[in-house]
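Here is my note for your reading session. Keep the model open beside it and find each element as it comes up.

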Amino acid sequence: MVLTGRAALLAAAGVVFVALAMPSWAGVGLVVAVVLLVCVVDMLLAGSPRRLQFSRDGDNAVRLGEQAVVQLLVTNPGRRVRGLLRDAWPPSAGVLDPPHKLDLPSGERRRLVTHLVPTRRGDRQAVRVTVRSIGPLGFAGRQGSHEVPWTVRALPPFNSRKHLPSRLARLRELDGRTALLVRGQGTEFDSLRDYVPGDDVRSIDWRATARRGNVVLRTWRPERDRQVAIVIDSGRLSAGRVGDAPRLDHAMDAALLLAALATRAGDRVSLLACDSAVRADVRRPAPEDVLPSFVNALANVEAELVQTDFRIVVSQVLERLGQRSLVVLLTGLDPAAIEESLLPVIGPLLRRHVVLLASVADPHLAELEATRTDLLEVYSAASAARTRLDRDRLTATLTRAGVTVIDEPPTQIAPALADTYLSLKKAGRL
């Protein structure tokens, strides 16, 4: 039995009346007994919340930060139910609605809507539906809970998609759809066209020129159907927060932009998220399934507080890739981890593939290094400068080994990675 505030007010009023009219404990006991009797009768007259029937419908997935709508259909086969209904979800599901008021006559149904704005990636599962049915007098009621399962998956937000149109425009230039076209080692013949002043004279086709009687150029486009393997480090290096999100989230955003761009370029893209074990694995999806499969695979990946085993990473990549491919490793530029774990095992990758390492830099370090107004800030600036020098030294070491390195802040890592991919494609290195 659930008592309402109205029952408490009735009991209080009865006690005050008895205290004024006939001050005795017997009178107080009589008032309490009467109030309890009224509450029991009211509870028995209330509709049973346990007889209600529930079903759900609505969104199963939503980008992080966007709103999902989940509908709850309530059917009442019994007596009229009046009261409150609470559709409970975890705090990270971001429920926007207060408990629903419910007035459901016998034999009818109601559709209640719950709005969610998840605050974390991953699956958010409904906890339970609790109904408090109040009797016709409003003094007491019944309460019951039901398990009505539903899952809303919060997907990576893909904030970097705003950079995709400009990169696709550059891709069209490289792909021969505009006149701005140059030849590279990794290009293939596309077509012939008339010479325009300013064109690269090395592309003149002298035989076609002799046949036509005017200067003709060969046009070229980057080779298609290359393999691009995106590897995301989900170990401790990706757990630290940079700005308003962990490094892992920024790496996912950059990976999604690169995947969308490479797919439009005609390349085959695969995904691997790994630390001491494989956390996500997407192998050669169809072009139209690349982004859906990537965001679904990455939705539940969280940074693990373990050291990434790069031997597993290298072996997994070599197992997946046959021909020469681009391997993009999104990890942190931590000198100890890279020098002890990655450099000793990266040799087989470098001999067979083009390796690109992308790291999310912390812009706060530059701020610390530039601020030196007191002694404490001087020490902080010295520490930040030491960190920067260590990263620069590690970048130079990786570059000498044949690795292309990108080290950019969160707002620039995604477009910088896309630009580097286009540069490698333009140079014919894929």
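The points below go through strands, cores, helix pairs and sheets in turn.

1. Start with the status of the coordinates. This is a predicted model. Read every point below with that in mind.

2. Look at strand β14, residues 227-233. Seven of its seven residues are buried, so the strand is largely enclosed by the rest of the structure. Burial here means under 20% relative accessible area. Check both faces. Q227, A229, V231 and D233 lie on one side, V228, I230 and I232 on the other, and all are buried.

3. Which strands pair with β14? One is β17, residues 268-274, joined to β14 in the parallel sense over seven bridges. To find this pairing, go to I232: its bridge partner in β17 is A273. Another is β19, residues 326-330, which also runs parallel to β14, over five bridges. Here A229 of β14 has V327 of β19 as its bridge partner.

4. Now the nonpolar cores. In general, nonpolar side chains tend to be buried together in soluble globular proteins. The largest core in this model has 50 residues. Which of them touch the most other members? They are I230, I232, F294, L330, L417 and Y421. Helix α5, residues 247-264, gives this core its largest share, with twelve residues. Another core lies apart from it and has 23 residues, including V327, L342, I346 and V405. Two residues of β14, I230 and I232, are thus worth marking twice: they are buried, and they are among the residues with the most core contacts.

5. Turn to α5 and its packing against helix α6, residues 290-298. Their axes are 10 Å apart, at an angle of about 160°. Is that roughly parallel or roughly antiparallel? Angles over 145 degrees count as roughly antiparallel, and that makes α5 roughly antiparallel to α6. The crossing of α5 past α6 is right-handed. On the α5 side, the contact uses M252, L256, A259, A260 and T263. On the α6 side, it uses V290, L291, F294, V295 and L298. Note F294 again: it also appears in the list of core residues with the most contacts.

6. Compare a second helix pair. Helix α3, residues 164-174, packs with helix α12, residues 410-426, at about 0°, and the axes are 11 Å apart. That makes α3 roughly parallel to α12. From α3, the contact takes in R167, R170, L171 and L174. From α12 come P415, A418, D419, L422, S423 and K426.

7. Next, an open sheet of three strands. Its order is β2-β4-β7, and the pairing is antiparallel. Why do β2 and β7 each have one side without a neighbour in the sheet? Both stand at the edges with a single partner strand, so that side is left free of a neighbour. The average twist from one strand to the next is 25°. Six bridges link β2 to β4, residues 68-75. One position to check is S55, whose bridge partner in β4 is L73.

8. Finish with another open sheet of three strands, ordered β3-β11-β8. Its pairing is mixed. The edge strands are β3 (61-63) and β8 (122-125), and each pairs on one side only. Strands β8 and β11 (151-155) run antiparallel and are joined by four bridges. Look for Q125 opposite T151 of β11.

Methods: Residues numbered from 1 in each chain as written. Predicted model: local features only at pLDDT ≥ 70, side-chain atom pairs only at ≥ 80, totals over all residues. Heavy atoms only, no water. Buried < 20%, exposed > 50% of the residue type's maximum accessible area, 1.4 Å probe, protein only. Pairing = 2+ DSSP bridges. Core = buried A, V, L, I, M, F, W, Y, C linked by side-chain atoms within 4.5 Å. Axes fitted to C-alpha atoms, helices over the stretch in contact; angles between N-to-C directions. Parallel < 35°, antiparallel > 145°, perpendicular 65-115°, else oblique. Left-handed = near helix turned anticlockwise from the far one by under 90°. Contact = heavy atoms within 4.5 Å.
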